[in-house]
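The following note sets out comments on the side-chain contacts and the cysteine pairing of the model under review. Each point may be checked against the coordinates.

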Amino acid sequence: ADPPWYQRRVRASQNNNTTNSTSSEECNLTDSFGFLIQFLLATIAFSILVLKRYREPKYERRSVMVWLLDVSKQAIGAGFIHVFNVLASQLFFSNQDPCSLYFVNMFIDMTVGLLLLYGLITLSRYLLSNSTYAYLKSGEYGNPPQAKAWLAQCGIYLLIMIIQKLLVSPLVLIPFWTEFRKFLFSPLKGHGKLEVVVVMLIVPLFVNAFMFWVQDNILMRRQVECPVPTSKLE
């Protein structure tokens, strides 16, 4: 039998390991806490767009219906990007920290992705400028607004978002990001829930405010244009 002092040391070591494993948390974007933070993020994003609408000059302010149609397009596109980033960070790179990967994806979307998105939307507008189908013009739904115009524009916008994401996603594989993530998130190591709050709520609070504001300006109808009568959408 081992001497008593050795048994006490083994028990103390086991207790320390148990305490460390209990106190150390890993980032999880898809547990109940992660979904709660994502719900708060969506609420904040919607509130930002509400604020933007009421800051528009009254003579340029969109009707509630047109504004909802514009916002819903952006919500679908942003939802696609968000779900893609979560799945890519949580599942595709299962042996790495998902929070730091999500942050890198979001940073790329905010910089290169936003510029690419603007370029693709500008290109699509140019290609559709001479189209006989007026409802394909972004933000133009007819008077009164028509469902088929919204569906067509949603399809175009979602296709643009998919192309954008396919083009920028390989950038996350650049070796630079590995050391960048380790350096940036080392102070949060072992505090999984805090990591989730930082990358899903605190940082997006500022990032999304900028991105949604810019994207809404891109998607809304240019005020120099006259609303297209419903008859021309037929």
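Which kind of contact do the side chains of R62 and E56 make?

1. The model is a predicted one. In it, the side chains of R62 and E56 are joined by a salt bridge, with an N to O distance of 2.6 Å. R62 is buried, because its relative accessibility of 7% falls under the 20% cut-off. E56 has a relative accessibility of 8% and therefore also counts as buried.

2. R62 has a further partner in D70: this pair forms a salt bridge whose closest N and O atoms are 2.8 Å apart. D70 is buried as well, its relative accessible area being 1%.

3. These contacts should be read together. K52, E56, R62 and D70 belong to a network of linked salt bridges. Within it, R62 meets E56 and also D70.

4. How many salt bridges does a search of the whole structure find? The search returns four. Among them is the contact between the side chains of D109 and K165, at 2.9 Å from N to O. D109 belongs to helix 4 (residues 98-128) and K165 to helix 5 (residues 147-168), so this salt bridge ties together parts that lie 56 residues apart in sequence. Are D109 and K165 buried or exposed? Both residues are buried.

5. The cysteines merit a separate comment. The count of disulfides comes to one. It is formed by C27 and C99, whose sulfur atoms are 1.9 Å apart. The pair connects distant parts of the chain, 72 residues apart: C27 sits in the loop between helix 1 (4-23) and helix 2 (32-55), whereas C99 is in helix 4.

6. Why is the disulfide of C27 and C99 described as right-handed? The torsion about its S-S bond is about 80 degrees, so the disulfide has that hand.

7. On accessibility, C27 has a relative value of 7% and so counts as buried. C99, at 0%, is buried too. C154 should be noted alongside them: its relative accessibility is 11%, and it therefore counts as buried.

8. Helix 4 deserves attention when the two kinds of link are considered together. It holds D109, the partner of K165 in helix 5, and it also holds C99, the partner of C27 in the loop between helix 1 and helix 2.

How values were computed. Residues are numbered from 1 along each chain as its sequence is written. This is a predicted model: local features need pLDDT of at least 70, side-chain atom pairs count only at pLDDT 80 or more; totals for chains, interfaces and linings use all residues. Side-chain values use heavy atoms; hydrogens and water are left out. Buried means under 20% relative accessible area, exposed over 50%, partly exposed in between (1.4 Å probe, protein chains only). Helices (H or I, at least four residues) and strands (E, at least two) are DSSP runs, numbered from the N terminus. A disulfide is a pair of cysteine sulfur atoms within 2.5 Å.
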